[in-house]
There are 2 protein chains.
Amino acid sequence: MKKKVVLLGSTGSIGKQVLDVIDWNRDKYEIMGLSANTNIELLRQQIHKYRPEKVAVVDESKGRKLKRLLDGKTEVLIGNEGMEDIIDERADIIFISVVGITALKPVIKSIKLGKRIALANKEAIVTAGGIIKKLQREHNGEIIPVDSEHCAIFQCIRQEKQGNVERLILTASGGPFFGKTTKELMTVSVEEALKHPNWSMGKKITIDSATLMNKGLEIIEASWLFGVPWNKIDVVIHPQSIIHSMVEYIDKSIIAQLGVSDMRLPISFALGYPDRKINRVKRLDLVEVGKLEFFKPDRTTFKALDYAYKALQIGGTMPTVLNAANEVAVDLFLKRKIKFTEIYEIIEGQMKRHVPVFNPSIEDIINIDRQIRNNLL
Amino acid sequence: MKKKVVLLGSTGSIGKQVLDVIDWNRDKYEIMGLSANTNIELLRQQIHKYRPEKVAVVDESKGRKLKRLLDGKTEVLIGNEGMEDIIDERADIIFISVVGITALKPVIKSIKLGKRIALANKEAIVTAGGIIKKLQREHNGEIIPVDSEHCAIFQCIRQEKQGNVERLILTASGGPFFGKTTKELMTVSVEEALKHPNWSMGKKITIDSATLMNKGLEIIEASWLFGVPWNKIDVVIHPQSIIHSMVEYIDKSIIAQLGVSDMRLPISFALGYPDRKINRVKRLDLVEVGKLEFFKPDRTTFKALDYAYKALQIGGTMPTVLNAANEVAVDLFLKRKIKFTEIYEIIEGQMKRHVPVFNPSIEDIINIDRQIRNNLL
C-alpha cells in the first residue's frame, strides 16, 4: 500500500525536495494534494506529473488563473482556507513545508485529524507549541520534525527515557557572517546575507541563518517538541554542518546524528519513519570532510539567541512576538528597507513593549501576530 | 534492590574503573565476587572494602597466600577453575574484564546461566563468536559490550532494524605511531609503544592500539556482536577519540556516540543498561576540544587491519590463530625479545600456515590456541 501524502508548499525549496524523495520512491508514496502560494507555473507541472485529487493556491487571482488552465480533473481550492481544505482525513502524511505563521491552522487541522505531520515549518510550533502539543496528546497525532536539527535530535532520542536527557545541543553553521563584528554587520548586503555556506533553503530561512534567529527559533521549537526546558538547550557553532545536532544524557554520553547537508535526508526520514528508506542522498565521507570544528556562539553580536532564550523563558505570547517581529523585519531587509542590524532592533523593540498573554488561545496568538505586523507597517 | 555484580579481573585497569563506577553508586550495586590474577595486595584491599562472598586468584601460590592472610569470612577459590566458580547464578551482572583468551570459559559459563555479561574482553568473542552468539540465543543471555567502540555502536543501533544498517564505522585513535612508516616502526621502543595518546588501558591493549591490532580485533568483535559482515565494517582514524564509533544507515544518516576518553563511560552504561545513570565522568565540551579530525588508515604500514579482515572473511579458527599469535607476539615485544614490526611477521606467518577448522568446538578453539602458542615458544 502506497502512503498518501498531502504536501503543503510544494513549489518552495523544501517542497521541491520532498517531491525529489517521492520520485525516488514512487512505489511507496502517492500525492493526494499539493499547495502553492503563487507559483502556478510550477504547480501546473507538478499536477501533470503527480495527478493529485486536489490542489490549493493561496493567491486568489493566481488560483482562478490556474483553474482556467487545467482540464478539470484536479480540483483547485483557493486561499488559506483552500490550503486547509486539501488536508484530507484519508491521507497518511501531511507534509507541511510552508513558511511562516500561515502554517499554524493547517498544523492544527492535521493534528486534530490524528495524522502524521512531517513538519518543515518552525513558526507554528514556535508560536503555538503548547496548544499543538496538547492537541497532539489528545488526538494521538504524530509530529516528525523535518528541520535537520530536530530530525537529528528525534533520531538520537527515540529509544531513550526522557528523564535521562541532560541537554540538547543544537549545531549552527554560524551562517555567512560567522566571525563578523556588529559594526561589520551594519553594512552587509541582501546578496551577502543570502549566501548560506552549506544549505540550500528559501530566502526567509537563509536570512534567519545569517542573524542566528533560525537557531533562536529552533531553541524554542526543540523545547516544545522534546519537552526540554530552555536551560537544557545549548547551541554550538559547527561550520561544517555535518553533525546535525546532539543529545547529551545524564551519564555524559552524547548521541549525534551526522550526514551531508542535504534536506532530502530529514525529508526521507520523516516520510519513511519508523522505517528508513534507501535514497539518493550523497553518502557522508568523514575522511573527505577531514575535520569538524566547534565554536562558542557570539551572543553579543548575534543577539537573536538571547532574544529566543528570553522569549522561551517568559513564555506565553512572547515567542509569537519574537516570531512576528522577525518575519516582518526579515521581509523589510529583503526589500532593502532596513539594515541587517535593524532586524535585531525591531525584534528587541517589539519584545520590550509586549505584555505577554499566558496560556493563549489560537485566537490570541493570531491577534497578537497581526498586531505586531500592524505595529511595524 | 541492589544489582549483584561478579567482577572478574578486579585488579586490572578496567576492573579498578568498574569499582570507581560502583563507588559512585553504592546504593545500586553490590559486589558478590571478585577475581585477580596475581595482585593479592590490591585484591585484599578490595575484599576489605566490598566484602564479597567469594574471590578467586588465578595464580595458585598467590591464592594460597591470600587465604592465609584473610579472616575466613571470604571464600578464596584458586586457579582458572576458581575464577569460573565465582560466577554465581544469583548474580545480576557478570563483569568480565580479564585480558586474553582466559575469558572464554567464564563467558561461556555466564551466557549459559542466561546472565547479563558486561564484556570488557575482546578475545573470547574474537575466537569463539559463533559459539557465544548461539549460546546467547539459546539461553537468552545478554552481552553489553564495554569496549568503548562497541558500546558506542550498541547505543547507536539499539532500536534500529538490523536490515537498515548500511555499515559500522569504528573509530581508531591511530595510536602513538600514527603517521609513521614501516622503517620508522622497526626501531620503536616498548616505552614509546606504551604511550597511548588518549586512553588509559592495560599494557596488552595499549600495544594492540599501537599496531592497530586492537582495531583489527574490534572489527571481528563487531561483526559477531552486531551480525554485520566484514565488508560492512569500516575503520576511520580519528586522533581525538571523541566519536567512539558510528553506524551508517541505508538512508545515509549516521548515528554516532561521543564522549570523553574515559572507560568509566561505557562501564557506567553496561552496568546501568537499559537505564542510564548519573556518574562523575567529565562532561564533553566540544568547543574546548575545538576540532575532530578523520583520516584514512594506512593499511600498508599497519597490517593488522588487513589480517583481521582476512581472518574474519576466512572464518572458522582463523581468528583464533590471529588472536593467539598476536597475544604471544605482544608478550615477546613487551619482554624486548622481538622488534615491533616482528609482531606483524609472527601473525602473518602463523596465519599462512594454518588450515582452518570450520564450525569449531570450544575444544578445537582451545587446542588451536594452545598449538599456536607452542609453535611460538
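**Close-ups of a two-chain predicted model**

**View 1. The loop after helix 12, with its cis proline.** A:Pro274 sits in the loop that runs between helix 12 (264-272) and helix 13 (286-289) of chain A. Everything in these views comes from a predicted model. The peptide bond leading from A:Tyr273 into A:Pro274 is cis, and its omega is near 10°. Now look at the other chain: B:Tyr273 and B:Pro274 are also joined by a cis peptide bond, here with omega about 5°. B:Pro274 belongs to the loop between helix 12 and helix 13 (286-289) of chain B. As background, most peptide bonds are trans.

**View 2. A positive phi at A:Ser241.** Which residue other than glycine has a phi near 50° here? That is A:Ser241, and the value is positive. You'll find A:Ser241 in the loop between strand 9 and strand 10 of chain A. For context, most residues other than glycine have a negative phi.

**View 3. The parallel sheet of chain B.** Seven strands of chain B make up an open sheet, and they pair in parallel. Reading across, the order is 4-3-2-1-5-6-7. The edges belong to strand 4 (75-78) and strand 7 (142-145) of chain B; each has a single partner strand, so one side of each has no neighbour in the sheet. From one strand to the next, the twist averages 20°. Zoom in on strand 2 (residues 29-36) and strand 3 (residues 54-57) of chain B, and you can follow four bridges between them, in the parallel sense. One pairing to pick out is B:Ala36 with its bridge partner in strand 3, B:Val57. Helix 12 (residues 264-272) of chain B packs on this sheet, where it touches strand 1 (3-8), strand 2, strand 5 (93-96), strand 6 (116-119) and strand 7 of chain B. The direction of helix 12 makes about 175° with that of strand 6 of chain B.

**View 4. A sheet built from both chains.** How many strands form the open sheet shared by chains A and B? There are eight, in the order 9(A)-8(A)-10(A)-11(A)-11(B)-10(B)-8(B)-9(B), and the pairing is mixed. Strand 9 (233-237) of chain A and strand 9 (233-237) of chain B take the edges, each with a single partner strand, so one side of each is left without a neighbour in the sheet. The twist in this sheet averages 20° from one strand to the next. On the chain A side, strand 8 (residues 165-172) and strand 9 run parallel and are joined by five bridges. Among the residues involved, A:Leu168 has A:Ile233, in strand 9 of chain A, as its bridge partner. Helix 7 (residues 148-157) of chain A lies across strand 8, strand 10 (243-249) and strand 11 (254-258) of chain A, and also across strand 11 (254-258) of chain B. Relative to strand 10 of chain A, helix 7 runs at about 40°.

**View 5. How the two copies relate.** Turn chain A by 180°, shift it 0.0 Å along the axis, and it can be laid on chain B with an RMSD of 0.1 Å. That is the relation of a two-fold axis. Of the interface residues of chain A, 100% are also interface residues in chain B, so the copies meet through the same surface.

**View 6. A:Glu293 and its contacts.** A:Glu293 lies in strand 12 (residues 291-293) of chain A. Leaving out residues up to four places away in sequence, A:Glu293 touches A:Ile237, A:His238, A:Pro239 and A:Gln240, plus B:Gly290 and B:Lys291 from chain B. A:Thr206, 87 residues away from A:Glu293 along the chain, is not on that contact list; the C-alpha atoms of these two are 21 Å apart.

**View 7. The enclosed cavity in chain B.** The count gives one cavity of 30 Å³ or more. The largest cavity has a volume of about 30 Å³. What lines it? B:Ser148, B:Cys151, B:Ala152, B:Gln155, B:His244, B:Gln257, B:Leu265 and B:Pro266 do. Helix 7 (148-157) and helix 12 of chain B are the elements that supply two or more residues each to the lining. Helix 7 of chain B gives the most, with four residues. Sorted by class, the lining holds four nonpolar, four polar and no charged residues.

Note on methods. Residues are numbered from 1 along each chain as its sequence is written. Chains are lettered from A and ligands numbered from 1 in the order in which they are written. This is a predicted model: local features need pLDDT of at least 70, side-chain atom pairs count only at pLDDT 80 or more; totals for chains, interfaces and linings use all residues. Side-chain values use heavy atoms; hydrogens and water are left out. Two strands pair if DSSP finds at least two bridges between them. Axes are lines fitted to C-alpha atoms, for helices over the stretch in contact, and angles run from 0 to 180 degrees between N-to-C directions. Contact means heavy atoms within 4.5 Å. Copies are superposed by least squares on the C-alpha atoms of residues with pLDDT of at least 70 in both. On a 1 Å grid over the protein atoms alone, a cavity is a set of points where a 1.4 Å probe fits but cannot get out, and a pocket is an open set with protein on both sides within 12 Å along at least five of seven lines; lining residues have an atom within 4 Å of a point. Grid points are joined across faces, edges and corners, and a volume is the space filled by probe spheres set on the points. Ala, Val, Leu, Ile, Met, Phe, Trp, Tyr, Cys and Pro count as nonpolar, Asp, Glu, Lys and Arg as charged, and the others, Gly among them, as polar.
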